[in-house]
Amino acid sequence: MADGDRAKMIDGFASVQAVRRRRPKGADPKYAPTRTRLPAPRKPAGGAKAPPVAHAARTALPPRYDILCYACAYRFTHTGRMPETVLCPKCREALQTKAYTLDGPWSEPIATVGTVTVAVGAALGAVRIVASKVRIAADPGEAEIVCQDLELTGNAAPGLARLSFRDLLVAPEGRCVFTQKLACRKAAVLGRLKARLEAEESLTVGAGATFQGEARTPRLILEDGARLSARLAIVPGGGAVEKPAGKPDGEKRPTPARRARGGRGKKKVAGDQ
Ligand SMILES: [Zn+2]
């Protein structure tokens, strides 16, 4: 009995081996199994439908660029390859798309919808830099920086720079200390940041990242292992954050002194008549 069972088992095993031997792995590299896992088709509609799957896995969408016109502050999307200049559909300005890496003395203003990198060795004068994205890896000196995305890498301590931006990212290698108050839409800290920060939408402190200082935001996201040593105000709607498009509007509000003067003047006039 036992002999008969064993014989059967061996038969089954041997047959599997035989099937394997008949179909060697990777016989045709062109049709090697893909690593891409797609949901299994609901109904096997006859025949092997491998080619469409492979085609779908290889399809690449054309790149899309979110562009803010530096001439008129109009926001639009450019799809496809980025030419040297792109025309603003509103003001018809030919916008430069050049990317800059500043790693030496620089004193000319820059306006581009590309990326500007302030690299180690940069010595910037009091220049105005308007770009889509600015990456700061070294001290930007007294530059005025206006951008959509500000990325801080390395030991940037932009104490004198005037910064106006929409979203802030402190890269994992970023070690930044700000003395001026920062206002933005979203802030993500993956390295270390010490600052007074107002984030209109959210503040994220990543795993292993450190945030110190003060923060005012409607959403605080702390990832596992994030370090936080700050005064927090979690307020719905966030703080009043100025628009990142350009001019700081801090001086627009009338000062209490001006208001008081205006009030007194009116009263005096009313009293005289
Ligand atoms: Zn424009």
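**Parallel strand pairing and a shared nonpolar core**

Strand S11 and strand S12 (residues 162–164) pair in the parallel sense through 3 bridges, strands being DSSP runs of E with at least two residues, numbered from the N terminus, and pairing requiring that DSSP finds at least two bridges between the two strands. Within this pair, Glu144 is placed opposite Arg162 of S12. The model is a predicted one, in which local features need pLDDT of at least 70 and side-chain atom pairs count only at pLDDT 80 or more, while totals for chains, interfaces and linings use all residues. Residues are numbered from 1 along each chain as its sequence is written.

S11 has further parallel partners. With S13 it shares 4 bridges in the parallel sense, and here Leu150 faces Leu168 of S13. S10 and S11 are also parallel, with 8 bridges between them; Ala131 is found opposite Cys147 of S11 in this pairing.

These strands bring us to the interior of the model. The largest nonpolar core comprises 51 residues, and Val118, Ile129, Val134, Ile145, Leu168, Val170 and Val189 have the most contacts inside it. Such a core is a set of buried Ala, Val, Leu, Ile, Met, Phe, Trp, Tyr and Cys residues joined through C-beta atoms within 7 Å. At least two core residues come from each of several strands, among them S10 (128–136), S11 (144–152), S13 (167–170) and S14 (175–189). Because domain 1 (62–165) and domain 2 (168–240) both contribute residues, the core lies between them; the domain bounds come from an automatic or database domain assignment. Ile129, one of the core residues with the most contacts, touches Ile110, Val116, Val134, Ala143, Glu144 and Ile145 when its neighbours within four places in sequence are left aside. Contact here means that the C-beta atoms of two residues, placed from the backbone, lie within 7 Å.

A rather different picture is offered by S2 (residues 75–79), which is hardly covered: of its 5 residues, the number buried is 0. A residue is buried if 20 or more other C-beta atoms lie within 10 Å of its own, with C-beta atoms placed from the backbone. S2 runs antiparallel to S1, and 5 bridges join the two, with Arg64 having Thr79 of S2 as its bridge partner. The two strands form a hairpin with 6 residues between them, and Ala73 in the turn has a positive phi of about 65°.

For the protein chain as a whole, 25% of the 273 residues are buried.

How values were computed:
A residue is buried if 20 or more other C-beta atoms lie within 10 Å of its own, exposed if 12 or fewer, and partly exposed in between; C-beta atoms are placed from the backbone.
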